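Reader: Could you take me on a close look at the inside of this protein, and at any empty space left in there? I'd like one connected walk rather than a list.

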Amino acid sequence: MSDRRPRAGWRRPPAEQPAATPPEPPAEPPAERPSVVQAGLYRDGRRVSSPTTLAETFRQLREHPDGMAWIGLQRPTEEELHSLAAEFDLHELAVEDAMEAHQRPKLERYGDTLFVVLRAARYLDAQEEVDFGELHVFVGPDFLITVRHGAAPDLSTVRRRMEKDPELLALGPEAVLYAILDAVVDGYAPVVAGVQNDIDEIETEVFGGDPAVSRRIYELSREMVEFQRATRPLVGMLHGLMAGFAKYGTDEELQRYLRDVADHVTHTSERVDGFRQALADILTVNATLVTQQQNAEMRALAEAGFEQNEEIKKISSWAAILFAPTLVGTIYGMNFDNMPELHWAGGYPFAVVLMAVVCTSLYVIFKKRDWL
């Protein structure tokens, strides 16, 4: 990777044609956001020009064969990527991957060109969620191209950092690749801190009985799955990259920097694994607490139903006791002439005694059954 060779297949710019009378300009289309975020041509670690278009970048790089082009793109068009592929001899499979987001982190070599896919992340405090971006990097002998899909990472800070350190930038595209990897990995630290804070809040909500906490646990668990997919492959990628740096004789200091990035990635990956396990444990605890709460509510309902049933028994028992004298009184209150007891001298005492006997019997029966 460190051998600096002129690129094969350079083309001479076409000769200028005599100017012709320009036709009427068509109506201007709506302004679109340019995909070329920033481009620069560097020699010996210092910027020598800042072209604004790809064509201008290609031309200036041809004029300075000992220079390095650093091109930053965001959501480029298919035509722009094909133009880059033709100029820098990029492999068609890598170009096809760069056109679409949702690629897994990976490191692939096509001849003298490395193709690197990274998943950046940032923590959004307002929404309390993790936002993921995707970055594709082409690294060649005298060029480095970044293709961003998403807001993260902010590569302008990487460019400023490298331009402030000409000695590091003079090491070539490999040094820029290191700086990009370092920025992506450093961007994981605020995410880890934000997720840790979210987990602490979730634990408080779980034991506080918040009914909406289950949804928050689930959403954060999904984000940790994505975070794990972004960080876990980086460990193997960086070890492979370090082996390649050693194989191609890359600067020893740069290799040490890369080992430091690998250590940070390993630490972050272990933290993410811990977060997933913690969230799984919290979800289990939350399910247990919810089950206990439901059991307590069911027990309370059962106790209320039992108490209500006891009250109904008492009401029913007293209603039956009071119904007995009413029945006797109703019978003897009928106005029939041929009722023997109506003209009997002991009829009234008999009726009263009958009422008392029936009521007492019912009371004793209900009392034995614990209805009263």
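Author: Let's settle one term before counting anything: a cavity here is a set of grid points where a 1.4 Å probe fits but cannot get out. With that rule, there is 1 cavity of 30 Å³ or more. Keep in mind that this is a predicted model, so everything below is computed from predicted coordinates. As for the idea behind the probe, rolling one the size of a water molecule over the atoms shows where empty space is left.

So what is the volume of the largest cavity? It comes to about 50 Å³. Its lining is made up of L107, V116, L177, L181, L234, M237, L238 and L241. Two elements give two or more residues each to that lining, namely α6 (173-186) and α8. Helix α8 gives the most, with 4 residues. Sorted by class, the lining has 8 nonpolar residues, no polar ones and no charged ones. While you have α8 on screen, here's a handy bit of helix geometry: an α-helix has 3.6 residues a turn, so residues three or four places apart point the same way.

Now step back to the packing. The largest nonpolar core has 56 residues, and those with the most contacts inside it are L118, M162, L177, I180 and F227. Helix α8, spanning residues 213-247, gives the most to this core, with 11 residues. Apart from that core lies another one, of 22 residues, with L41, L90, A94 and F115 among them. You've met L177 already: it lines the largest cavity and also belongs to the group with the most contacts in the largest core.

I180 is a good place to zoom in. Setting aside neighbours within four places in sequence, I180 is in contact with L118, L135, L144, T146, L155 and V158. Follow that list to T146, which sits in strand β7 (residues 143-149). T146 has a relative accessible area of 2%, so it counts as buried. Beyond residues up to four places away in sequence, T146 touches W70, I71, G72, L73, L135, H136, V137, L155 and I180.

Strand β7 also turns up when you look at helix α2 (residues 78-88). The buried residues of α2 are L81, L84, A85, E87 and F88. Those buried residues pack against α1 (54-63), β3 (68-74), α3 (92-99) and β7. After α2 comes D89, with a positive phi near 60°.

Back on α8, have a look at Q228. Is Q228 buried or exposed? Its relative accessible area is 10%, and the cut-off for buried is under 20%, so Q228 is buried. The side chain of Q228 makes a polar contact of 2.6 Å with the side chain of R276. Leaving out residues up to four places away in sequence, Q228 touches P233, V272, D273 and R276.

R276 takes us along the chain to helix α9, which covers residues 252-332 and also holds S317. S317 has 0% relative accessibility, and therefore counts as buried. What does S317 touch, not counting residues up to four places away in sequence? The answer is F366, W371 and L372. S317 and Y363 are 46 residues apart along the chain, yet their C-alpha atoms are separated by 7.7 Å.

For a contrast, try E128, in the loop between β5 (113-124) and β6 (129-139). With a relative accessible area of 35%, E128 is partly exposed. The side chains of E128 and R216 are joined by a polar contact of 3.1 Å. Beyond residues up to four places away in sequence, E128 touches Y123, D198, E201 and R216. From E128 to G194 is 66 residues in sequence and 7.7 Å in space, C-alpha to C-alpha.

Finally, the wide view. The protein has 10 helices and 7 strands. Buried residues make up 38% of its 372 residues. Of the contacts with a separation of 6 or more, 66% are between residues 24 or more positions apart. Pairs such as E128 and G194, 66 residues apart in sequence, give you a feel for that kind of separation.

Conventions:
Residues are numbered from 1 along each chain as its sequence is written. This is a predicted model: local features need pLDDT of at least 70, side-chain atom pairs count only at pLDDT 80 or more; totals for chains, interfaces and linings use all residues. Side-chain values use heavy atoms; hydrogens and water are left out. A nonpolar core is a set of buried Ala, Val, Leu, Ile, Met, Phe, Trp, Tyr and Cys residues joined through side-chain atoms within 4.5 Å. Buried means under 20% relative accessible area, exposed over 50%, partly exposed in between (1.4 Å probe, protein chains only). Contact means heavy atoms within 4.5 Å. On a 1 Å grid over the protein atoms alone, a cavity is a set of points where a 1.4 Å probe fits but cannot get out, and a pocket is an open set with protein on both sides within 12 Å along at least five of seven lines; lining residues have an atom within 4 Å of a point. Grid points are joined across faces, edges and corners, and a volume is the space filled by probe spheres set on the points. Ala, Val, Leu, Ile, Met, Phe, Trp, Tyr, Cys and Pro count as nonpolar, Asp, Glu, Lys and Arg as charged, and the others, Gly among them, as polar. A polar contact is a pair of N or O atoms within 3.5 Å; within protein, one must be able to donate a hydrogen and the other to accept it, and residues adjacent in sequence count only if both atoms are side-chain atoms.
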